[in-house]
Amino acid sequence: MRALSRKLRSIILSAAFLAAASAASHAFDGHAGYYYPEPQTREVYISEIKTAPDASKRSRAAFVVGLATLQEKQSWHPGYHLFAKGGDLEKLIIVASGNGQYDTLFRLRALLASLTSKARSTELFSRSDQPHELNFFDFCKLIGFSQVTVSNGKDVAHQVKIR
């Protein structure tokens, strides 16, 4: 009976350790539950590009403000809002502004793909030798974002860590 009790205790401690390790791997996200629901899906994107030497909190803020300004000048609303958050504005958050938009992982990925063309039109992206081979995540790394979260603002969120 004691041997069974020790084994059970060992199993419980192992399970607790694994649960703690798993929770630590998804480090605390203070924006989940405020701007978007807890992400259901996560991925890591490894970019071959290096962060630009002049990338800074200020340049990330300017990117978000610049894109918002472009959106205001358009005759139509793109259906999402962009935010730069975190101590150094290193987290990019993209949230749908209406119901029924970007409500599947596929639609979220399509939005990210469409942002690639906007990124390719920037001066920073054009400095690259082959801007047509880069995507939006490469652009994010170039200006110093380390995380991108996209959400429908209701019940779907996808998070990408950029390395």
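Residues are sorted here into three kinds: Ala, Val, Leu, Ile, Met, Phe, Trp, Tyr, Cys and Pro count as nonpolar, Asp, Glu, Lys and Arg as charged, and the others, Gly among them, as polar. With that sorting in hand, a good place to begin in this predicted model is its largest pocket, which has a volume of about 270 Å³. The lining of this pocket is made up of 18 residues, and Ala62, Phe63, Thr122, Phe139 and Ile143 are the ones that lie nearest the centre. Eleven residues of the lining are nonpolar, four are polar and three are charged. Three helices, α2 (57–73), α3 (105–120) and α5 (136–142), each supply at least two residues of the lining. Helix α2 gives the most, with six residues.

The aromatic side chains come next. A pair of aromatic rings is described by the distance of the centres and the angle of the planes. Rings pair if their centres lie within 6.5 Å, and by this rule the model holds six aromatic pairs. In one of them, the ring centres of Tyr35 and Phe83 are 5.3 Å apart and the planes meet at 40°, so the pair is tilted. Tyr35 sits in the loop between α1 (2–25) and β1 (41–45), whereas Phe83 belongs to strand β2, so this pair ties together parts that are 48 residues apart in sequence. Both residues are partly exposed: Tyr35 has a relative accessible area of 21%, and Phe83 has a relative accessibility of 27%.

Phe63, already met at the pocket, takes part in another pair, with Phe145. Here the ring centres are 6.3 Å apart and the planes stand at 65°, so the pair is edge-to-face. This pair, too, links distant parts of the chain, with Phe63 in helix α2 and Phe145 in the loop between α5 and β4 (147–151), 82 residues apart. Phe63 and Phe145 are both buried. Together with Phe136 and Phe139, Phe63 and Phe145 form one aromatic cluster.

Strand β2 (residues 80–85), home of Phe83, shows an alternating pattern of side chains. Tyr80, Leu82 and Ala84 point to one face and are buried, while His81, Phe83 and Lys85 point to the other face and are not buried. Strand β2 pairs with strand β3 (residues 91–96) in the antiparallel sense, over six bridges. Across this pairing, Tyr80 stands opposite Ala96 of β3. The hairpin of β2 and β3 has five residues between the strands, and in this hairpin Gly86 takes a positive phi near 100°.

Technical notes. Residues are numbered from 1 along each chain as its sequence is written. This is a predicted model: local features need pLDDT of at least 70, side-chain atom pairs count only at pLDDT 80 or more; totals for chains, interfaces and linings use all residues. Side-chain values use heavy atoms; hydrogens and water are left out. Buried means under 20% relative accessible area, exposed over 50%, partly exposed in between (1.4 Å probe, protein chains only). Helices (H or I, at least four residues) and strands (E, at least two) are DSSP runs, numbered from the N terminus. Two strands pair if DSSP finds at least two bridges between them. On a 1 Å grid over the protein atoms alone, a cavity is a set of points where a 1.4 Å probe fits but cannot get out, and a pocket is an open set with protein on both sides within 12 Å along at least five of seven lines; lining residues have an atom within 4 Å of a point. Grid points are joined across faces, edges and corners, and a volume is the space filled by probe spheres set on the points. Rings of Phe, Tyr and Trp (its six-membered ring) pair if their centres lie within 6.5 Å; planes under 30 degrees apart count as stacked, over 60 as edge-to-face and the rest as tilted.
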